[in-house]
Amino acid sequence: MAAVPRIIWPLFLCLAAALVAAACGGGDGAEAADADAIDLSATIEGDGWKVNLADAPEKHLILGKGNITYQAEDGNIYLLVFLDLSNTGTVLKVVDRSLLQVRDAAGNEYSASISAHQVAYLEQDGSKEGYSIVLDSPLQPGKSRRGVVTFLVPDSATGLQLMFRGFDGTIALGF
């Protein structure tokens, strides 16, 4: 077998990387929700909370960059929900992890991911300036916070809706 000239190896490696990225869907697998299928004015209220979507949700296979990355495995994807959350009550409240859930068309419910996933996303994507971590943090009465919450859901899940644990209202997420 003839030796491959040194100049060919970098070209070969670039081509191989491009083929792998194409086969895997490229990049981090990011996909934005169907803007026509979501209503940014929809609101859920109850128990001193008010929540509405601040932006179209996104799906990502990988969150983060550099040394801090998380990859969804086993046919799952990270669903990122951008929301405005307000404390409409009269006392300081902590945004409990179980407050927000996602439900799919089959009735399966998914809890919010660990806060580290939100941090990884915010570190990776500079286009979402003004968003912060929502879960496990206190919110003063009468104050609002714009934030991102992540959920690990099956990539095949459809009819995804954001719900407030213990309340009837839901918001369609466009997937």
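Are Phe-82 and Tyr-131 buried or exposed? Both of them are buried. Keep those two in mind, since we'll come back to them after a quick look around. One thing to know before we start: what you're looking at is a predicted model.

Let's begin with the whole protein. Its secondary structure comes to two helices and 15 strands. Of its 175 residues, 39% are buried. Now think about contacts between residues at least 6 apart in sequence: 69% of these join residues at least 24 apart. So as you follow the chain, expect to meet partners from distant stretches of sequence.

Next, let's go inside. The largest nonpolar core has 31 residues, and the ones with the most contacts inside it are Leu-79, Leu-83, Leu-85, Phe-151 and Leu-162. Which elements give two or more residues to this core? They are β3 (49–53), β7 (76–87), β9 (100–103), β13 (144–154) and β14 (161–164). Strand β7 gives the most, with five residues. Apart from this core lies another one, of ten residues, and among them you can find Ala-54, Leu-63, Tyr-78 and Tyr-121.

Pick out Leu-83 and see what surrounds it. Leaving aside neighbours within four places in sequence, Leu-83 is in contact with a whole crowd, including Val-51, Leu-53, Leu-100, Tyr-131, Val-149 and Leu-162. The crowd isn't just made of residues like those, by the way: Asn-52, Arg-145 and Arg-146 are also among the contacts of Leu-83.

Now back to the rings. How many aromatic pairs are there? The count comes to two. In one of them, the rings of Phe-82 and Tyr-121 have their centres 5.8 Å apart and their planes at 55 degrees, so this pair is tilted. It links distant parts of the chain, with Phe-82 in strand β7 and Tyr-121 in helix α2 (residues 115–124), 39 residues apart. Phe-82 is buried, and Tyr-121 is buried too. The other pair is Phe-82 with Tyr-131, and this one is edge-to-face, at 5.3 Å centre to centre and 65 degrees between the planes. Phe-82 sits in strand β7 while Tyr-131 sits in the loop between α2 and β11 (132–133), so the pair ties together parts that are 49 residues apart in sequence. Put the pairs together and you get a cluster of Phe-82, Tyr-121 and Tyr-131.

Since Tyr-121 belongs to α2, let's stay with that helix for a moment. Its buried residues are Ser-115, His-117, Gln-118, Ala-120 and Tyr-121. What covers them? The cover includes β4 (58–60), β5 (62–65), β6 (68–71), β7, β11 and β13.

Strand β13 has a residue worth a stop of its own: Arg-145 is found there. Arg-145 is buried yet has no salt bridge. The nearest side chain of opposite charge is Asp-84, and that is 9.8 Å away. What the side chain of Arg-145 does make is a polar contact with the side chain of Ser-137, at 2.7 Å. Beyond its neighbours within four places in sequence, Arg-145 is in contact with residues including Leu-83, Leu-85, Ile-133, Val-134 and Pro-138.

Val-134 leads us to another spot. Val-95 and Val-134 are 39 residues apart in sequence, but 6.7 Å apart in space, C-alpha to C-alpha. Val-95 has its place in the loop between β8 (93–94) and β9. Is this loop residue buried or exposed? Val-95 is buried, with a relative accessible area of 0%. Leaving aside neighbours within four places in sequence, Val-95 is in contact with Trp-49, Leu-85, Val-134, Leu-135, Asp-136 and Ser-137. You've met Ser-137 already, as the polar partner of Arg-145.

Finally, take a look at two loop residues with another story. Asp-47 is in the loop between β2 (43–46) and β3, and Asp-74 lies in the loop between β6 and β7. Phi of Asp-47 is near 50 degrees, a positive value in a residue other than glycine. For Asp-74, phi is near 55 degrees, again a positive value in a residue other than glycine. Asp-47 counts as exposed because its relative accessibility is 58%, and Asp-74 is exposed with a relative accessible area of 74%.

Technical notes: Residues numbered from 1 in each chain as written. Predicted model: local features only at pLDDT ≥ 70, side-chain atom pairs only at ≥ 80, totals over all residues. Heavy atoms only, no water. Core = buried A, V, L, I, M, F, W, Y, C linked by side-chain atoms within 4.5 Å. Buried < 20%, exposed > 50% of the residue type's maximum accessible area, 1.4 Å probe, protein only. Helix = DSSP H or I, 4+ residues; strand = E, 2+ residues; numbered from the N terminus. Contact = heavy atoms within 4.5 Å. Phe/Tyr/Trp six-rings, centres within 6.5 Å; stacked < 30°, edge-to-face > 60°. Lys, Arg positive; Asp, Glu negative; His and termini not counted. Salt bridge = Lys/Arg side-chain N within 4 Å of Asp/Glu carboxyl O. Polar contact = N/O pair within 3.5 Å; in protein donor to acceptor, adjacent residues only side chain to side chain.
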